[in-house]
Each structure stands twice: as C-alpha cells, then as structure tokens.
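Me: I have a new model open and would like to talk through the terms people use for it. Could you set each value against its definition for me?

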Amino acid sequence: MKEKENVYQLTLISMMVALLIMQTFVPILGYIPLGPIDVTIVHITVILSAVLFGAKFGTIIGTIWGALSMLRAFIQPTPFNIVFLNPLISILPRLLVGLISASIFKLLKDRMPRTGAYAVTAAIGTLTNTVLVLGSIYIFASEAYAGALGISETALLGALGTIVATNGVIEIIAAVIILPVLAVALEKFVLRKSRR
C-alpha cells in the first residue's frame, strides 16, 4: 500500500512539474508580459498543489517553481529578470508560497465554506509571492533593478509599491477566480484516489 501511495505522489509531482515547465517557458502560459514586469499566474499551480496535497507537496512544487524561474533568468536573461539568478529572490519566496498556502488552507478549511477557504488562500498565497519577491528584490538587488527600470535607487521602493498595487491586484483577482474553480473540480478526484 505504501509503495502504491509513493507512486501516486511521484506521478502527481511529475504532472505538476510538467505544468510548471510549460508555464515557465511557453510564452503567456505562466507569465504575461506587461512592460518591464510580468503578471505571474504560475503561482496558482503552486497554491493549488498546496491546498490539495498539503504543506510538503506545496513546498516541493514551490521550490521547483523557484528553480525554474532561476533557470529562465539564466536561459532568457533580460534586464528585469536577471535578479532571479539570486536564489533568495527566485527560490525562497516561491518555496514559502507553497508552505504558507498549505498552512492558511489548513487553518481555514473547517472554519468556512470550502470555496471561500480556497479564495482566501489564493489571495494570501498570491500576496505572499508578490510581497516576498519584490521585497527580496529591494533587499538583495535594488541597485540592479533600479538600473533596469531607469530610476534612482531611492525611487525604487515607490516603483515596487506601484507594482504591488497594480500587477499584484491583477494577480490576486486572477487567483481568487481561477483557484477555487480548479480546486473544487480536482478535490473530488484527489479525495477519491486517497481513499483507495
């Protein structure tokens, strides 16, 4: 039985990794370019993994997404994504998206309707990604990112705040709409499989 469960989990991880690879490297599937920054929707895959399969699974998928974003910055460098070569910007925040999303959902799932728990988790997971990535850029790569934006380093905090207020809000709205639909559709399948 344990071996069957391990094969099932490995299959799920493989499927999610394949999806992450497509979202990372196929234009517009995971990153929608808008000027100097990308509107990210890849994080929805990580949050979905976390709410359906728990903290360990969400953390693994988040870490893989971070590694893929680092690889993307290496293979397709731009002045804006070169900062993702730093694992404190690319990997650590994405790892935490999976961990925090699983923890929030675990806390909420018995306290409110399932769809509401998915929506709140989607919003918090998305905000976690946005704030931690942009915060890491500010802490670890402010000079390089300000240079890429063509602004002074002192103006960077305001620029990052604008990104949170615009792109961050778009990403939250997308996640709050998309995640509950996917999670409700997939949870029946996941629960049925886990009972076998």
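Reply: Happy to! This is a predicted model. A good place to begin is the pair α1 and α2, whose axes come within 10 Å and cross at roughly 165°.

Me: What makes α1 roughly antiparallel to α2?

Reply: The angle decides. Angles over 145 degrees count as roughly antiparallel, and the crossing is at roughly 165°, so α1 and α2 earn that description. The crossing itself is right-handed. To see the contact, look at Y8, L12, M16, L19, L20 and Q23 in α1, which meet T45, V46, L48, S49 and F53 in α2.

Me: Why is α1 called roughly parallel to α3?

Reply: Here the angle is about 30°, with the axes 10 Å apart. The cut-off for roughly parallel is under 35 degrees, so α1 and α3 fit that label. This crossing is right-handed. Among the residues of α1 that take part are I13, V17 and I21, and those of α3 include I61, W65 and L68.

Me: How do you know that the length of α1 agrees with what a helix of its residue count should span?

Reply: Take 1.5 Å times one less than the number of residues. For the 24 residues of α1 the expected span is 34 Å, and the end C-alpha atoms are 35 Å apart, so the two agree.

Me: Which residues of α1 are buried, and what do they pack against?

Reply: Buried means under 20% relative accessible area. In α1 that description goes to L12, I13, M16, V17, L20, Q23 and T24. The partners of these buried residues are β1 (31-34), α2 and α3.

Me: What makes a group of residues a nonpolar core, and how many residues does the largest one have?

Reply: The members must be buried, of the listed types such as Leu, Val, Ile or Tyr, and joined through side-chain atoms within 4.5 Å. The largest such core has 29 residues, and L20, V51, I61, Y118 and L179 have the most contacts inside it. Two or more residues each come from α1 (2-25), α2 (43-53), α3 (55-75), α5 (92-108), α6 (114-140) and α8 (156-195). The largest share, six residues, is from α2. Y118 shows how such a residue is surrounded: leaving aside neighbours within four places in sequence, Y118 is in contact with V51, L52, F105, L179, P180, A183, V184 and E187. There is also a second, separate core of 13 residues, including I89, A141, L156 and I163.

Me: What makes α5 roughly antiparallel to α6?

Reply: Their axes come within 9 Å and cross at roughly 155°. With the limit set at over 145 degrees, α5 and α6 therefore count as roughly antiparallel. The crossing is right-handed. Residues of α5 in this contact include L96, I100 and I104, while Y118, I124 and L132 are among those of α6.

Me: One last residue: why is L88 called partly exposed?

Reply: Partly exposed lies between the buried limit, under 20%, and the exposed limit, over 50%. L88 has a relative accessible area of 36%, so the term fits. You will find L88 in helix α4 (residues 87-90). Not counting residues up to four places away in sequence, L88 touches P93, S136 and F140. L88 and Q76 are 12 residues apart in sequence and 19 Å apart in space, C-alpha to C-alpha.

How values were computed
Residues numbered from 1 in each chain as written. Predicted model: local features only at pLDDT ≥ 70, side-chain atom pairs only at ≥ 80, totals over all residues. Heavy atoms only, no water. Buried < 20%, exposed > 50% of the residue type's maximum accessible area, 1.4 Å probe, protein only. Helix = DSSP H or I, 4+ residues; strand = E, 2+ residues; numbered from the N terminus. Contact = heavy atoms within 4.5 Å. Axes fitted to C-alpha atoms, helices over the stretch in contact; angles between N-to-C directions. Parallel < 35°, antiparallel > 145°, perpendicular 65-115°, else oblique. Left-handed = near helix turned anticlockwise from the far one by under 90°.
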